[in-house]
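Trainee: I've just opened this model and I'm a bit lost. Could you pick one part and take me through it slowly, then show me how it sits in the rest?

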Amino acid sequence: MLAIAGIGHLVTNDPNLGDGKLGVIRDAAVVVGDDGLISWVGQSSDVENHTSTRPLNVGGRVVIPGFVDSHTHLVFAGDRASEFAARMAGEPYKAGGIRTTMAATRAATNDQLVANARRLAAEALASGTTTIEVKSGYGLSVADEARSLEAARAVTDETTFLGAHVVPPDTDPDSYVDLVCGEMLGRCAPHARWIDVFCDRGAFDVDQARTILAAGAKAGLGTRLHANQLQHGGGIALGVEMGVASCDHCTHVSDHDIELLASARDTTVATLLPTAELCTRSPFPDARRLIDAGVAVALASDCNPGSSYTSSMPLVVALGVISMGMTCDEALWSATMGGARALRRSDVGGLAPFMRGDLVILDAASHVHLAYRPGVNLVTTVVRAGEVVSGQLDFLV
Ligand SMILES: [Zn+2]
């Protein structure tokens, strides 16, 4: 059991528990039971009536729900620092860079893939990510995709089969789509919760994506889609048509795309990945336009070695506010509850009773500081299911 009191500013994401959409409670306390679930939240002065354990006092600091990073590619080997340097020297981003990582991933041992995924998941956890989705997609053969998903399973239950990341070299697209929908899906589905397709220029077209998502759904996987990152196209319309949990990127969107996403807001989330635009010097998605139209928006890191090699959700939140027109409240909601919606999870993303005790203590006066102080590490302590998993509690009194 864990009881935390003296919270200056607690974000619950439950409007019934506190002020505004974030359900903010001031002078608050949280109690997590032995089952790892939140048993009570309320006023700090009341905490002793709701726990038998001695409350730890955080001295007025902020507590927010753990971040839910609903889009990462943590299973790979090698890095693409030289490609990054070339891009910063003026070369455009191309989806084909994925093949560079494919070669390094195929050459790596299972232990190396697991060790790299664990290193990055630990890095994400230290910056406050308590739920993380991890995709395959750098193996691009039956055996390499299957072992990539086994490596992903070593760090999370939210695993996604992305055999349809790009067509590997020396394969024709039609036979590769057949392979993904057939033998590869059969080997990968037991290790995956989701299936995803990179539907964009240089990757898979709308008809190929529809075929692959339908095969995944038939095999019992949930569906999600990389859509409209590099250009306008039919990705978002396909995602809404198929009822995917999330259309990810949504950088190049038409008014019609936005209408479709708004009409599907209870089914399909638009997940924005602004560090991908940051690291490729591309125009940011217009979050303001999406939110004003009624679209459900999530924020995630897209952590991958090519276009977004960061696991920092605080940086993603800061970009949401500073570069995409979101308010500080909207960006935090999208990085927590929005991510949970994108993964169709109701047990994470907020701090209400019966949700998992996943929380982050920030050394700040309010969650506004995540964007107000970009690049500064404000995360002092991370708790998952009631256990301190990163950082310290020794400042607690
Ligand atoms: Zn991605």
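Mentor: Let's begin with G325, which comes just after helix α11 and has a positive phi of about 75 degrees. Before going on, two notes on reading all this. The numbering starts from 1 along each chain, following the sequence as written. The model is predicted, so local features are taken only at pLDDT of at least 70 and side-chain atom pairs only at pLDDT 80 or more, while totals for chains, interfaces and linings use all residues. As for the labels, helices (H or I, at least four residues) and strands (E, at least two) are DSSP runs, numbered from the N terminus.

Now step back into α11 itself. Nine of its twelve residues are buried, so the helix is largely enclosed by the rest of the structure. "Buried" means that 20 or more other C-beta atoms lie within 10 Å of a residue's own; 12 or fewer makes it exposed, anything in between partly exposed, and the C-beta atoms are placed from the backbone. The buried set is M313, P314, V316, V317, A318, L319, G320, V321 and M324.

Take A318 from that set. Its helix, α11, covers residues 313-324, and A318 counts as buried because 22 other C-beta atoms lie within 10 Å. What does A318 touch, once residues up to four places away in sequence are set aside? The partners are L370, A371 and P374, where contact means that the two C-beta atoms, placed from the backbone, lie within 7 Å. You can also look across to R373: 55 residues along the chain from A318, yet with a C-alpha to C-alpha separation of 8.1 Å.

A little further along comes α12 (residues 328-335), which is mostly covered, with six of its eight residues buried. Those six are E330, A331, L332, W333, S334 and A335.

Next, see how this region relates to the domains. The assignment, which is automatic or from a database, gives domain 1 as 2-66 + 350-391 and domain 2 as 68-342. Taken over C-alpha atoms, the two centres are 29 Å apart. Where the domains touch, domain 1 brings 22 residues and domain 2 brings 19. On the domain 1 side, β5 (62-65), α14 (369-372), β15 (379-384) and β16 (387-391) supply at least two residues each. The largest share of that side, three residues, is from β15. By type, the domain 1 side has 13 nonpolar, six polar and three charged residues. Here Ala, Val, Leu, Ile, Met, Phe, Trp, Tyr, Cys and Pro count as nonpolar, Asp, Glu, Lys and Arg as charged, and the others, Gly among them, as polar.

Another spot to look at is A296, in the loop between α10 (287-292) and β13 (297-299). A296 is buried because it has 22 C-beta neighbours inside 10 Å. Beyond its neighbours within four places in sequence, A296 contacts R265, V269, A270, G338 and R341.

You met a positive phi at G325, but some residues that aren't glycine have one too. N13, for instance, has phi near 60 degrees. You'll find N13 in the loop between β1 (2-11) and β2 (24-32), and it is buried, with 23 C-beta neighbours inside 10 Å. H249 has a positive phi of about 100 degrees. That residue sits in strand β11 (residues 246-249) and is buried, with 28 other C-beta atoms within 10 Å.

For a helix pair, try α5 (residues 173-188) and α6 (residues 206-218), which pack at about 10 degrees with axes 10 Å apart. So α5 runs roughly parallel to α6. The pair meets through P173, V177, V180, C181 and L185 on α5, and Q208, T211, I212, A215 and G216 on α6. Those contact residues are seven nonpolar, three polar and no charged. The axes are lines fitted to C-alpha atoms over the stretch in contact, and angles run from 0 to 180 degrees between N-to-C directions. Under 35 degrees is roughly parallel, over 145 roughly antiparallel, 65 to 115 roughly perpendicular, and the rest oblique.

Finally, the whole chain: 55% of its 397 residues are buried. Among contacts with a separation of 6 or more, 71% join residues 24 or more positions apart.
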